[in-house]
Amino acid sequence: QRSFFKNAKQDIAASSTTATNNTSTSNSNPSSEKKKKINKLAPERIAQLQLLDFEWVVATEESRASWEARFQDLITFKAKYGHCRVPREFKDNRKLGNWVKEQRKNYKKIQGGGYGKGL
């Protein structure tokens, strides 16, 4: 296992050197460049993490139980109101409102719809 980490470190170092050598030397505004990079993971960094078999999604038993609890809350909501349009600020169950919002956001991500687009 030691050799794996040694090789991975060498691969990462080589990847970092390549990434550094490929950076643009344009005279663009650094603050605007910084704004563009917010919340984005560079391909080089993704490759580095993948070399280490990085786990992108870690679902713990607690998160599964929480998801199941909110799903049951949604079933109850639909039985009472006849729909699944839970308000974001649902006073009776704020966790449900947030959960539904997150489910829609995640669905849009996997559908390639981005944010703010209707289904």
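**Exercise 1. Determine which residue forms a salt bridge with Arg 94, and state how far apart the closest N and O atoms are.**

Solution.
Step 1. A salt bridge requires a side-chain nitrogen of Lys or Arg within 4 Å of a carboxyl oxygen of Asp or Glu.
Step 2. In this predicted model, local features need pLDDT of at least 70 and side-chain atom pairs count only at pLDDT 80 or more, while totals for chains, interfaces and linings use all residues. Residues are numbered from 1 along each chain as its sequence is written, and side-chain values use heavy atoms, with hydrogens and water left out.
Step 3. The partner of Arg 94 is Glu 89, and their closest N and O atoms lie 2.9 Å apart.
Step 4. Accessibility is classed as buried (under 20% relative accessible area), exposed (over 50%) or partly exposed (in between), using a 1.4 Å probe and protein chains only. Arg 94, at 48%, is therefore partly exposed, whereas Glu 89, at 57%, is exposed.
Step 5. As a general principle, side chains of opposite charge can pair when their charged atoms come close.

**Exercise 2. Describe the salt bridges formed by Arg 70 and by Glu 102, and locate each pair in its helix.**

Solution.
Step 1. The search of the whole structure gives four salt bridges.
Step 2. Arg 70 is joined to Asp 73, with an N to O distance of 3.0 Å. Both belong to helix α4 and are three residues apart, so about one helical turn separates them.
Step 3. Arg 70 is buried, at 15% relative accessible area, but Asp 73 is partly exposed, at 22%.
Step 4. Glu 102 is joined to Lys 105, with an N to O distance of 3.3 Å. These two are three residues apart in helix α5, again about one helical turn.
Step 5. Glu 102 is partly exposed, at 29%, and Lys 105 is partly exposed, at 29%.

**Exercise 3. Summarise the helices and strands of the protein.**

Solution.
Step 1. Helices (H or I, at least four residues) and strands (E, at least two) are DSSP runs, numbered from the N terminus.
Step 2. The protein has five helices and zero strands. Read from the N terminus, the order is α-α-α-α-α.

**Exercise 4. Identify the residues of the largest nonpolar core and the helices that supply at least two of them.**

Solution.
Step 1. A nonpolar core is a set of buried Ala, Val, Leu, Ile, Met, Phe, Trp, Tyr and Cys residues joined through side-chain atoms within 4.5 Å.
Step 2. The largest such core has seven residues: Leu 74, Phe 77, Val 86, Phe 90, Leu 96, Trp 99 and Val 100.
Step 3. Helices α4 (61–81) and α5 (94–111) each provide at least two of these residues. Helix α5 contributes the most, namely three.
Step 4. Contact means heavy atoms within 4.5 Å. Beyond its neighbours within four places in sequence, Phe 90 touches Phe 77 and Tyr 81.
Step 5. Across the protein, buried residues make up 12% of the 119 residues.

**Exercise 5. Find the residues of the nonpolar surface patch that includes Val 57.**

Solution.
Step 1. Patches consist of residues with over 30% relative accessible area and no salt bridge; like charges are joined within 9 Å, and nonpolar side chains (Val, Leu, Ile, Met, Phe, Trp, Tyr) within 5 Å.
Step 2. Leu 41, Phe 54, Trp 56 and Val 57 form the patch, with about 430 Å² of accessible area together. Accessible areas come from the Shrake-Rupley method with a 1.4 Å probe; for residues, only the protein chains shown count as cover.
Step 3. Val 57 lies in the loop between α3 (43–51) and α4, and is exposed at 70% relative accessible area.
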